[in-house]
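I opened this entry to look up what lies around the ligand and how the protein is built. My notes follow.

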Amino acid sequence: MSLRRDAILREMGLGPLWRLRGSEPLEAAPALVAVPPEPATRQAEAVPALERMPVPEPRRVRPDLREGMQQAAIEALAPALPVPRSDVGDAVSGLDWETLEARIRDCEACGLCKRRKQAVPGVGDRQADWLFVGEGPGAEEDERGEPFVGQAGRLLDAMLASIDLKRGEDVYIANAVKCRPPNNRTPEAAELTACFPYLQRQIALIRPRLIIALGRPAAQALLNEEVRIAASRGKLFSHNDIPVVVTYHPAYLLRNLQDKAKAWEDLCFARRTMVGLKAS
Ligand code: URA
């Protein structure tokens, strides 16, 4: 492992752990695109394990739940989807970037507009190959108008760096809902539905090669089906013929350090998928 990647993984809260040769690989991806296998040298390469780092207070999880129950709790609290499609999309389907962002900033399509300081359309390279989709702005994002600028955002930046990506450079970052849900609660199905046309228009404008869904609400909004992150990892899904990889949300990873190594595997899978997409 290079010193640089070592440093980045440390920043993600990951340290080296040796994986046995021939140990269980991730579930094979369906043949949507040819995903190159890991190079032979990577088989013995360090795979991250956990280093202890301060764990912030859980966000939406009841404090009486034990750590091992948290993912189940989050999944139980996630909106009951599939998200019904709305035809609000007609109003934004032909918009250019500036008009789209102005429309998002003025949006009153759901109740989230009432308590927001500002809407948070998205940030990054508008011609990016990579689109990362989170859940919705938190307090800092609501304050600053940019997605993922709080603690989860710092972890997302480290996750990007771990696969040689950087915010704004061939990467666009958006959220499934553009306004902060009160108390950082999970967006409701109706809110996801109301906001979805904006994400859809962003996708149509960016035309990314690959979308990474960060957490369950983003995955369900994009895929319009019931998704369990643990069961969906290592598989390729598709949104309007654009491949979608599903992984854990950085805020979840901050509370569940044991799953950071899995997220790193997902990012490596995404990177291999991108290599295949570029070659095809
Ligand atoms: N969590 C999200 O899903 N999005 C943000 O922008 C910040 C935190």
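Before counting, I fixed the term: a residue is buried when its relative accessible area is under 20%, with a 1.4 Å probe and protein chains only as cover. By that cut-off, 55% of the 280 residues of the protein are buried. I note that the model is predicted.

**Fold.** I looked up the secondary structure and found 11 helices and eight strands in the protein. I then took the contacts between residues at least 6 apart in sequence; 78% of them join residues at least 24 apart. For the surface, I got about 12800 Å² exposed by the protein, with 51% of it supplied by carbon and sulfur atoms.

**Ligand shell.** Which residues surround the ligand? I listed Gly134, Glu135, Gly136, Pro137, Glu141, Pro147, Phe148, Asn175 and His249. Sorted by class, the shell holds three nonpolar, four polar and two charged residues.

**Polar contacts.** I went through the ligand's N and O atoms next. At glutamate 135, a polar backbone atom sits 2.7 Å from a ligand oxygen. Phenylalanine 148 also offers a polar backbone atom, at 2.8 Å from an oxygen atom of the ligand. For asparagine 175, the partner is in the side chain: one of its N or O atoms is 2.8 Å from a ligand nitrogen.

**Cover.** How much of the ligand's accessible area does the protein cover? On its own the ligand has 240 Å² of accessible area, and I recorded 97% of that as covered by the protein.

How values were computed. Residues numbered from 1 in each chain as written. Predicted model: local features only at pLDDT ≥ 70, side-chain atom pairs only at ≥ 80, totals over all residues. Heavy atoms only, no water. Near = heavy atom within 4 Å. Polar contact = N/O pair within 3.5 Å; in protein donor to acceptor, adjacent residues only side chain to side chain. Areas by Shrake-Rupley, 256 points an atom, 1.4 Å probe, with all protein chains shown as cover. Nonpolar A, V, L, I, M, F, W, Y, C, P; charged D, E, K, R; others polar. Helix = DSSP H or I, 4+ residues; strand = E, 2+ residues; numbered from the N terminus. Buried < 20%, exposed > 50% of the residue type's maximum accessible area, 1.4 Å probe, protein only. Contact = heavy atoms within 4.5 Å.
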